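Some comments on this model follow, set out as numbered points. They are meant to be read with the sequence and the structure in view.

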Amino acid sequence: MCTTCGCSTGAKTTLTNLETGKTSPLRDDTPAHIHHHDHHHEHVHSDGKGHSHGHDHHDHDHDHDHPHDHTHEHPKHRSSSASIVELEARVLEKNDRLADVNRAWFAGREILALNIVSSPGSGKTTLLERTILDLKSRNDLFVLEGDQATSADGERIRSAGAPCVQINTGTGCHLEADMVARGIEELRPTFGSVVLIENVGNLVCPALFDLGERSKIAILSVTEGEDKPLKYPHMFRAADVVLLNKIDLLPHLEFDLKKAIANLGAVNTRATIICLSARTGEGLDLWYAWLRAQNEAVKRNQEIARAETADSRS
């Protein structure tokens, strides 16, 4: 599981405001890890000879310092698998608490926040560019761009006309709620705007991490194969909308569109499925109609919440 597999261990996560060009460290990820005593350590001792020697922890009592906090677990007290499960639960619980804070912040400002997920190369950035170009005169659009490295996609978004903050996760394979919170502080979206969060290209780990979004939008391109929903059911099950992208390429591919839609239905019966091409514009009217409906729903929900608060105080 991503929370303990080490994919983000030691990651140097950075945040870049593409309007100002300022880059700052987001955090230095050194997750807590399970550390057992039944193993061998190599220590370098300052004896003036510059050599090292190994010794087992159970040979003698000694103190040693580690550069980071960690948990000592004794095998006789708890199994490694039980400790890992407990650590995973703590990581996800902390993330979910922060996601709830993000969600409340978005709701209070009538902001529609969407978490856009897919495998690399599905067309996320191209879709966002086209959406920004078509809708920026009618909506305030803001983007949090997630990638392991470079600001290339963020620069594309900025050139399309939307304020953008780039989050680089280093070795991390997904965005997390605290990264989004810091990104939003820098991005400063306006009241009633739309925040599009482009997650790191990955069909596994982003399914686990709530960012505080209203909906997850999964993109599946016709170049990937119609079996992807069956291979990655957790991601497609978590999606509220699935965009089947690059349909302009169907005449050139052996891709069964009906089978792909059936496979999506097999893992998620509630998702809205929209077939489109971000390149030609086919089907984008349906995507934009869905966005408008969600934007209106956010405003209605907040009006209801304000009315209920007023009633409770009267």
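1. Helices and strands in this note are DSSP runs, with at least four residues for a helix and at least two for a strand, numbered from the N terminus. With that in place, Arg 279 can be located in the loop between β13 (272-275) and α8 (284-313). The model is a predicted one.

2. Overall content and confidence. The protein has eight helices and 13 strands. Of its 314 residues, 46% count as buried. Among contacts with a separation of 6 or more, 71% are between residues 24 or more positions apart. The average pLDDT is 84, and 78% of the residues score at least 70. Residues 29-76 need separate mention: pLDDT stays under 50 there. The model nevertheless has 61 contacts beyond four places in sequence for that stretch.

3. Strand β8. How many of the seven residues of β8 (residues 141-147) are buried? The count is seven of the seven, so the strand is largely enclosed by the rest of the structure. Both of its faces are covered. On one side the buried residues are Leu 141, Val 143, Glu 145 and Asp 147; on the other they are Phe 142, Leu 144 and Gly 146. Note that Glu 145 and Asp 147 appear in this buried set.

4. Neighbours of β8. The strand pairs with β10 (residues 194-198) in the parallel sense, over five bridges, and Phe 142 stands opposite Val 195 of β10. It also pairs with β9 (residues 164-168), again in the parallel sense and over five bridges. In that pairing Gly 146 stands opposite Ile 167 of β9. Together β8, helix α3 (residues 152-160) and β9 form a β-α-β unit, which is right-handed.

5. Two residues with positive phi. Glu 110 is not a glycine, yet its phi is positive, at about 55 degrees. Its place is the loop between α1 (80-108) and β7, and with a relative accessible area of 8% Glu 110 is buried. Thr 150 also has a positive phi, near 70 degrees, in a residue other than glycine. Thr 150 sits in the loop between β8 and α3. Is Thr 150 buried or exposed? With a relative accessible area of 51%, Thr 150 is exposed, the cut-off for that class being over 50%.

6. Cysteines. Why do Cys 173 and Cys 205 not count as a disulfide? A disulfide is a covalent bond between the sulfur atoms of two cysteines. The rule applied here requires the two sulfur atoms to be within 2.5 Å. The closest cysteine sulfur to that of Cys 173 is in Cys 205, at 3.2 Å, which is too far for a bond. The count of disulfides by this rule is zero. Both residues are buried: Cys 173 has a relative accessibility of 13% and Cys 205 one of 8%.

7. His 174. This residue is found in the loop between β9 and α4 (177-187). His 174 counts as buried, at 2% relative accessibility. Its side chain makes a polar contact of 2.8 Å with the side chain of Glu 176.

8. Ser 122. The loop between β7 (112-118) and α2 (124-135) holds Ser 122, which counts as buried at 1% relative accessibility. A polar atom of its side chain lies 3.4 Å from the backbone oxygen of Ser 119. Which residues does Ser 122 contact, leaving aside neighbours within four places in sequence? They are Ile 219, Ser 221, Glu 224, Asn 245 and Lys 246.

9. Back to Arg 279. The relative accessible area of Arg 279 is 62%, so the residue is exposed. Apart from neighbours within four places in sequence, Arg 279 is in contact with Arg 130 and Asp 248. With Asp 248 there is a polar contact between the two side chains, at 3.0 Å. The C-alpha atom of Arg 279 is separated by 9.2 Å from that of Gly 123, although these residues are 156 apart along the chain.

Notes:
Residues are numbered from 1 along each chain as its sequence is written. This is a predicted model: local features need pLDDT of at least 70, side-chain atom pairs count only at pLDDT 80 or more; totals for chains, interfaces and linings use all residues. Side-chain values use heavy atoms; hydrogens and water are left out. Buried means under 20% relative accessible area, exposed over 50%, partly exposed in between (1.4 Å probe, protein chains only). Two strands pair if DSSP finds at least two bridges between them. A crossover is right-handed if, with the strands pointing away from the viewer, the path from the first strand over the helix to the second runs clockwise. Contact means heavy atoms within 4.5 Å. A polar contact is a pair of N or O atoms within 3.5 Å; within protein, one must be able to donate a hydrogen and the other to accept it, and residues adjacent in sequence count only if both atoms are side-chain atoms. pLDDT is the predictor's confidence in each residue, from 0 to 100.
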